[in-house]
Amino acid sequence: MKNPYQILIIGGGTAGIMVAAQLKKQQASLSIAIIEPSETHYYQAAFTLVGAGTYAMSKTKRSEASLIPSGVVWIKDRATVLFPDENKVVTEKSGSIGYDYLVVAPGLVYDLSLIDGLEDALNNGVACSNYINPEYTWKCLQNFKGGNAIFTQPATPIKCGGAPQKAMYLAADYFRRKGISDKTNVVFATPGTVIFGVKSVADTLMRVIDRYKVNLRLYHTPVKIDADKRLVYFKDATPDDKKAGLLTIPGATLTADNLLAVPFDFLHLAPPQTAPEFILKSDLCNETGWLDVDINSLQHKKYDNVFGLGDVAGLPTAKTGAAVRKQAPVVVDNILNLLSNKPANNKGYEGYSSCPLVTGYGKMVLAEFNYKNEFTPDPMLKYMLVNNSDKEHWRLWLLKKYGLPYLYWNKMMKGEM
Ligand SMILES: Cc1cc2nc3c(=O)[nH]c(=O)nc-3n(C[C@H](O)[C@H](O)[C@H](O)COP(=O)(O)OP(=O)(O)OC[C@H]3O[C@@H](n4cnc5c(N)ncnc54)[C@H](O)[C@@H]3O)c2cc1C
């Protein structure tokens, strides 16, 4: 029996919509369906600004219905099991759906259980996260009167790896403007070994960290939170030769099991993140639990008619919407090739991702890079009179606050970019 759809897309988020819109633009006759349970789509990149009180949450939302490209079928449901050998996806309510080509783009999920006490701390409002409720982050910042302000991120990959430090820079700037910097200890504790993977960007960020007098703790993984005592516990793997010169954190103590217990008056974190369960349970994952696709063609390594992109994909680059922008045309091109009996030989995705590192109100650095962590600034920035986007610039802030949201809704989500 003929499959009902030539192309079935799991996930109508940034990646699913971009792929569907670009496919339809190139070949209007294609039969395409998107499985997506949510009624609302969020422009998550603006959550950082919402968390700092400089962007309205309402502006980050659009109805899913308004984004589904015309002629594409929206199956308002959730994929639950994948049968790639039979070209079928089982859903919660709509039974199993057949396809000729499958695009897997369900994003990722937050797994709060990976940090002991995290769920409790978030539910009690003791900790905040721009990933979960950016409006609450802003409330916490406004209520903060001084003390230890701790910002951290987990050991798992996360979407927009720079987002936890952006929250920290904006908060540090906010404390300065509010006149409470002198009684505040801003700590940024990360499992990472450098502040950023691209050298020239990292150099700029280290200067920003000095400017705000941030206590930077590399090699620090958050493992436990005690919401009642307002303590966050870190596994500290700082090598001995890097311990000299570390600033002390007021009140921090070492526990019997060698964890660093840090008292906090404000705690912001990114939750640990994994691929969704139905992906983890399928045989489409690699050994690290992410979708096993070729890193340049985005074609699944085992199933030629399956492609994957966006946050779910196991790619050695940062998980961002900006990365999706460069991944989507490669997926589209390869599917169109296969549909016309040509090989899926577009291997053009070289790991491009970008991180708009907001370093204060009115300032931003734009990190653009590839799999080799080479700095690859967009030549178009020159037209904005930005010649060195690895340095702070007010024009980049304007791009973040006004330009990128406009491009997202009006170009990217319409398949025009
Ligand atoms: C705080 C924060 C800051 C960020 N900052 C930036 C930034 O500055 N720049 C940038 O480029 N990116 C940024 N990002 C990252 C960016 O939002 C993501 O990388 C991007 O949205 C990934 O697209 P995606 O389609 O893979 O996932 P999503 O856009 O999350 O979409 C996934 C979709 O799949 C659906 N889905 C899930 N499970 C199923 C299922 N079982 N069946 C069917 N559908 C399912 C979901 O409902 C969702 O609609 C940020 C993210 C956050 C949270």
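How many Å separate the centres of domain 1 and domain 2? Taken over C-alpha atoms, the answer is 32 Å, and keep in mind that this is a predicted model.

**View 1. Two domains and where they touch.** The domain assignment splits the protein chain into domain 1, made of 5-108 + 275-348 + 401-414, and domain 2, covering 112-272. For their contact, domain 1 brings 12 residues and domain 2 brings 14 residues. Sort the domain 1 side by class and you get 6 nonpolar, 4 polar and 2 charged residues.

**View 2. An open sheet of 4 strands.** Here the strands run in the order 12-11-10-17, with parallel pairing. Strand 12 (215-217) and strand 17 (266-269) sit at the edges with a single partner strand each, so one side of each has no neighbour in the sheet. On average, neighbouring strands here are turned by 15° against each other, direction ignored.

**View 3. Zooming in on strands 11 and 12.** Strand 11 (residues 184-189) pairs with strand 12 in the parallel sense, over 3 bridges. Look for Phe188, whose bridge partner in strand 12 is Leu216.

**View 4. Arg230 in its loop.** You'll find Arg230 in the loop between strand 13 (220-226) and strand 14 (231-236). Its phi is positive, near 55°, and Arg230 is not a glycine. Arg230 counts as partly exposed because it has 19 C-beta neighbours inside 10 Å.

**View 5. Asn258 in its loop.** Asn258 lies in the loop between strand 15 (253-254) and strand 16 (260-263). Asn258 also isn't a glycine, yet it has a positive phi of about 65°. With 8 C-beta neighbours inside 10 Å, Asn258 counts as exposed.

Terms used:
Residues are numbered from 1 along each chain as its sequence is written. This is a predicted model: local features need pLDDT of at least 70, side-chain atom pairs count only at pLDDT 80 or more; totals for chains, interfaces and linings use all residues. Domain bounds come from an automatic or database domain assignment. Two residues are in contact if their C-beta atoms, placed from the backbone, lie within 7 Å. Ala, Val, Leu, Ile, Met, Phe, Trp, Tyr, Cys and Pro count as nonpolar, Asp, Glu, Lys and Arg as charged, and the others, Gly among them, as polar. Two strands pair if DSSP finds at least two bridges between them. Helices (H or I, at least four residues) and strands (E, at least two) are DSSP runs, numbered from the N terminus. Axes are lines fitted to C-alpha atoms, for helices over the stretch in contact, and angles run from 0 to 180 degrees between N-to-C directions. A residue is buried if 20 or more other C-beta atoms lie within 10 Å of its own, exposed if 12 or fewer, and partly exposed in between; C-beta atoms are placed from the backbone.
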